[in-house]
Amino acid sequence: MITQALFRALDKKAIWLVAILLLVAVAVPASNLLLPVDSPFRLPNYAVPLFGKYLTFAMLALALDLVWGYCGILSLGHGAFFAIGGYAMGMYLMRQIGTRGVYANPILPDFMVFLNWKELPWYWYGMDNFWFAMLMVVVVPGLLAFIFGFLAFRSRVTGVYLSIITQAMTYALLLAFFRNDMGFGGNNGLTDFKDILGQSISAPSTRAALFAASAIALALAVLACSAIVNSKLGKVMVAVRDAESRTRFLGYRVEYVKLFAFVVSAIIAGIAGALYVPQVGIINPSEFEPANSIEVVIWTAVGGRGTIIGPIIGGVLVNVGKSYFTGAFPEYWLFALGALFVVTTLFLPKGIVGLIGQYRAATTKREQHDRDAPTPMQVEAGADPQPKPAE
Amino acid sequence: MSEAREKLGTMLYLDGVSVAFDGFKAINNLSIIVHPAEMLAIIGPNGAGKTTMMDIITGKTRPDDGQVLFDGRTDLTKLDEAAIANLGIGRKFQKPTVFESHTVWDNIEMALKKPRGIFATLFYTADDEDIARITEILETVRLLARKDDYAANLSHGQKQWLEIGMLLAQDPKLLLVDEPVAGMTDAETVETAKLLKDIAKTRSVVVVEHDMSFVRELGSRVTCLAEGAVLAEGSLDQVSANPVVIERYLGR
Ligand SMILES: Nc1ncnc2c1ncn2[C@@H]1O[C@H](COP(=O)(O)OP(=O)(O)OP(=O)(O)O)[C@@H](O)[C@H]1O
Ligand SMILES: [Mg+2]
């Protein structure tokens, strides 16, 4: 049963994507660690965590695409699940600092000592254990998504209203995490990490390993999403996206279909956040900014939603652009991002991936035209498996 | 007591059903009975409440008043759409609604009567029996040649047929069919009547239609609705000879 589902996940495109990601997982660390420093093919040290960060963003975009592109749920709060996964990882990393902190308290992180706390809050218990922390990376975003989704989908909150409450969710978390008495470091968040699994977090080998872990996690997320969207449940998700009420009359429980997609998506986003934090070295409440979640929507739209590869392309390309822009002309980045979104919405409703599809359709059409009588309907059909724009 | 016996053995039992939208009574004290393996044709002017009646039966609209029973026992007013569909009530919509970004085959596969749970659906693989059944249904609705086409690319009439195919795949006990022949050619209309008559040999079928020659073709019991209530009942000849029906519906 499960093997069949996995087998289905391995369609040609997914195999390619997974193969490329695994190649990247090996090639980038190898080029950084093994090549001599003066080699033109050697990636500089700073590039490894930077590229790793792009991969975690790609994973976040893929997570959003599972609910938005395939199930029609436009979440404007996915950054929250990413941030929570990141905080869970950050808590583990904080506990690894131990006596190397400014106050040298073996148990309490610096900010707690500073606040004059005497004891570790109960929700920090166990977070010094890596595997327990990793469990929380999965469980906490998943649980939040479950509770939120259960309430929202059962009450049939859809469309713009759902988007607004997801935005409200991340905003509420932003305000909560800003508070010092929440016990997550307030404004400053969690930072000054030293070790992960006993390895120095800034060592090139650790960074290379984190990069590889990000690429492999993304590959696994591709497999999971591909297995889901190629299954009958994936078809039902698309049915919910296109004709929600009709799906109900077929006897499917739309609220559970959405809940499943939402929880899986939140878990993927949480894992991405957990990989993001050790590579950038900090997690603070700004990750909950509503604008962050909106950016994820833009990455996904630019790459092409309703496809597996689209959000990955979008997540990487837009962020490469962002790195360049914020370096070269920082004041124009937001304008560029806005313009990108407008151009995509107006001219590339299916994103970059759709553009490739359109090009292919055009060439097939020409070929077909040369061969025999044109059957435009079929050509269109062959090239157009992508979703219509959501309302 | 006689009332209880009356419900017993019915497939669909509506009694004194009313629903108002902002004070406008779309359904007004409506009572209708459909027996197992029986076809009922419903006619009536635009806005008579025919579609609203189907909305009530399928759980889309809650009645303000009255009783809606399925199979003589199950109170449909307490259930939601999915639960009602899973009881064995299938519906074809007035405006054909198929899943346009899925292939014809996938549309039928999704409708096929199978466990609807999340994990059952996630791990579902069509077995030989399912494939044979889907093929058979596509043959019946004459879409086998187009099984790999996206439903979006079907003609209006073909979408109607695809939706009828989806109904068949659901294997319901009661079919509610809203204006099935709108947009069909005369030949297709005749075919559809034949198909529905065939279905009604083993299942209960409620057909709403304006096309009188089609209703004649069905040869079933006819109910004429107007302003949310029954205007006349009987054979098509009886109903269409009814002076009130002529005045309110046919005569216009
Ligand atoms: N959800 C709703 N809200 C408000 N009014 C409604 C709603 N649904 C139906 N109505 C009204 O109820 C009346 C009955 O509509 P209904 O669609 O049932 O008619 P019908 O008999 O199916 O007509 P037609 O032959 O045109 O399909 C109409 O006046 C319609 O405007
Ligand atoms: Mg109607």
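What follows is a chat about how the labels used for this predicted model are justified.

Colleague: Before we start, what are the ground rules for this model?

Modeller: It's predicted, and local features need pLDDT of at least 70, side-chain atom pairs count only at pLDDT 80 or more, while totals for chains, interfaces and linings use all residues. Residues are numbered from 1 along each chain as its sequence is written, chains are lettered from A and ligands numbered from 1 in the order in which they are written, and side-chain values use heavy atoms, with hydrogens and water left out.

Colleague: What makes Thr51(B) and Gln94(B) donors to the magnesium ion (ligand 2)?

Modeller: A donor is an N, O or S atom within 2.8 Å of the metal (3.2 Å for Na, K and Ca). Here OG1 of Thr51(B) and OE1 of Gln94(B) sit at 1.9 to 2.1 Å, so both pass. Water is not among the atoms, so a site may look incomplete.

Colleague: Where in chain B do those two come from?

Modeller: From distant parts, 43 residues apart: Thr51(B) is in helix H2 (residues 50-57), and Gln94(B) is in the loop between strand S6 (89-92) and helix H4 (104-111). Helices here are DSSP runs (H or I, at least four residues), and so are strands (E, at least two), numbered from the N terminus.

Colleague: Why are Thr51(B) and Gln94(B) called partly exposed?

Modeller: Buried means under 20% relative accessible area, exposed over 50%, and partly exposed in between (1.4 Å probe, protein chains only). Thr51(B) has 25% and Gln94(B) has 36%, so both land in the middle class.

Colleague: And why does Thr121(B), in helix H5 of chain B, count as buried?

Modeller: Its relative accessibility is 1%, so the buried cut-off is met. Leaving aside neighbours within four places in sequence, Thr121(B) is in contact (heavy atoms within 4.5 Å) with residues of both chains, including Lys232(A), Leu233(A), Val236(A) and Pro115(B).

Colleague: How do you know that helix H9 of chain A is largely enclosed?

Modeller: 10 of the 11 residues of H9(A) (residues 232-242) are buried, so that's the verdict. The cover includes helix H3 (47-68) and helix H11 (254-280) of chain A, along with H4 and H5 (118-122) of chain B. At the start of H9(A), a side-chain oxygen of Ser231(A) reaches to within 3.1 Å of the backbone nitrogen of Leu233(A). A polar contact is a pair of N or O atoms within 3.5 Å; within protein, one must be able to donate a hydrogen and the other to accept it, and residues adjacent in sequence count only if both atoms are side-chain atoms.

Colleague: What about H4(B)?

Modeller: 8 of the 8 residues of H4(B) are buried, so it gets that description as well. Its cover includes H9 of chain A, plus helix H6 (128-140) and helix H7 (156-170) of chain B.

Colleague: What makes H3(A) roughly antiparallel to H11(A)?

Modeller: Their axes come within 8 Å and cross at roughly 170 degrees. That puts H3(A) and H11(A) in the roughly antiparallel class: over 145 degrees earns that label, under 35 is roughly parallel, 65 to 115 roughly perpendicular and the rest oblique. Axes are lines fitted to C-alpha atoms, for helices over the stretch in contact, and angles run from 0 to 180 degrees between N-to-C directions.

Colleague: How do you know that S1(B) and S2(B) pair?

Modeller: Two strands pair if DSSP finds at least two bridges between them. Strand S1 (residues 12-21) and strand S2 (residues 24-34) of chain B have 7, in the antiparallel sense, so they qualify. Val19(B) has Ile27(B) as its bridge partner. In the hairpin, with 2 residues between the strands, Asp22(B) has a positive phi of about 50 degrees. S1(B) also has 5 antiparallel bridges to strand S4 (residues 65-70), with Leu12(B) opposite Phe70(B).

Colleague: Which strands are at the edges of that sheet?

Modeller: The order is S2-S1-S4-S5 in chain B, and the edges are S2 and strand S5 (74-75), each pairing on one side only. H2(B) packs on this sheet, touching S1, S2 and S4.

Colleague: Why is the pairing called mixed in the sheet of 6 strands?

Modeller: Its order is S6-S7-S8-S3-S9-S10 in chain B. Strand S3 (residues 39-43) and S9(B) are parallel over 4 bridges, whereas S9 (residues 221-226) and S10 (residues 229-234) are antiparallel with 5. Both senses turn up, and both counts reach the two bridges required, so the pairing is mixed.
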